[in-house]
Amino acid sequence: QETGIYPIVIFDEFQNFATYRLDSPLHILRERFFTHSQVMYLIAGSAVSIMEEMLTSYGSPLYGHFEIIKVFSFDYQNSKLFLNEKLKGVNVPEIHQDFLVSIAEGHPYYLDLLTFRVKDIALKENLRNVPQSVIIEALAQEIFSTNGTIYLHLRDLIDRSLGSRG
């Protein structure tokens with residue numbers, strides 16, 4: 001308060017609050033939100049329908065307290081702009097850029113993961129011009145390596161799906 005700068009608190013995968021074994025976690029959060037009125041709260045998550053229920057259901061303690069802004073995939077032009085910004089310092093042929101946009105379907109999260117991996121491999125190998133082999137390696141590391149973020153996301157998705165069906 002003394003500086004006039006107010007914090008932003010960001011909750012990612014917010015829908016997980018619904019699974020916590022607490023006595024009314026959403027009531028607890030609402031209480032905290034109102035106690036700290038000068039704080040901006042941003043919530044995000046991948047289970048959109050669960051989050052919408054948490055925020056728009058009349059019975060929810062958080063009903064009416066958040067503005068909902070949905071983030072969609074980039075169109076082709078914005079995907080290319082995003083790629084070019086993320087890939088500064090390395091040259092990725094147009095055909096490979098188009099492939100990355102296509103495989104990620106313009107989704108900024110996946111574009112970011114893939115471009116980070118492509119650039120990381122290229123820089124480690126001292127490559128200014130990115131060959132197709134680097135694109136393939138980046139995909140392999142992200143999707144098939146147990147350390148890959150996309151692999152972990154897919155594994156979690158499959159585990160949750162199997163778990164919910166018993």
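These are my notes on one helix face and a few salt bridges in this structure.

**Ground rules.** I'm working with a predicted model, where local features need pLDDT of at least 70, side-chain atom pairs count only at pLDDT 80 or more, and totals for chains, interfaces and linings use all residues. Residues are numbered from 1 along each chain as its sequence is written, and side-chain values use heavy atoms, with hydrogens and water left out.

**Helix α1.** I looked up α1, residues 25–35 (helices are DSSP runs of H or I, at least four residues; strands are runs of E, at least two; both are numbered from the N terminus). I found Pro-25, Leu-26, Leu-29 and Phe-33 buried there (under 20% relative accessible area; exposed is over 50%, partly exposed in between; 1.4 Å probe, protein chains only). Down the axis of α1, the buried residues fall within an arc of 95° (directions from the helix axis to the C-beta atoms), so they line one face of the helix. They pack against β1 (8–11), β2 (40–43) and α2 (48–56), contact meaning heavy atoms within 4.5 Å.

**Salt bridges.** How many salt bridges does a search of the whole structure find? I got 7, each a side-chain nitrogen of Lys or Arg within 4 Å of a carboxyl oxygen of Asp or Glu.

I checked Lys-80 next: its salt bridge with Glu-94 has the closest N and O atoms 2.3 Å apart. Lys-80 lies in α3 (76–86) and Glu-94 in α4 (94–104), so the pair ties together parts 14 residues apart in sequence. Lys-80 also bridges to Asp-98, at 3.2 Å. Lys-80 is buried at 8% relative accessibility, while Glu-94 is partly exposed at 47%.
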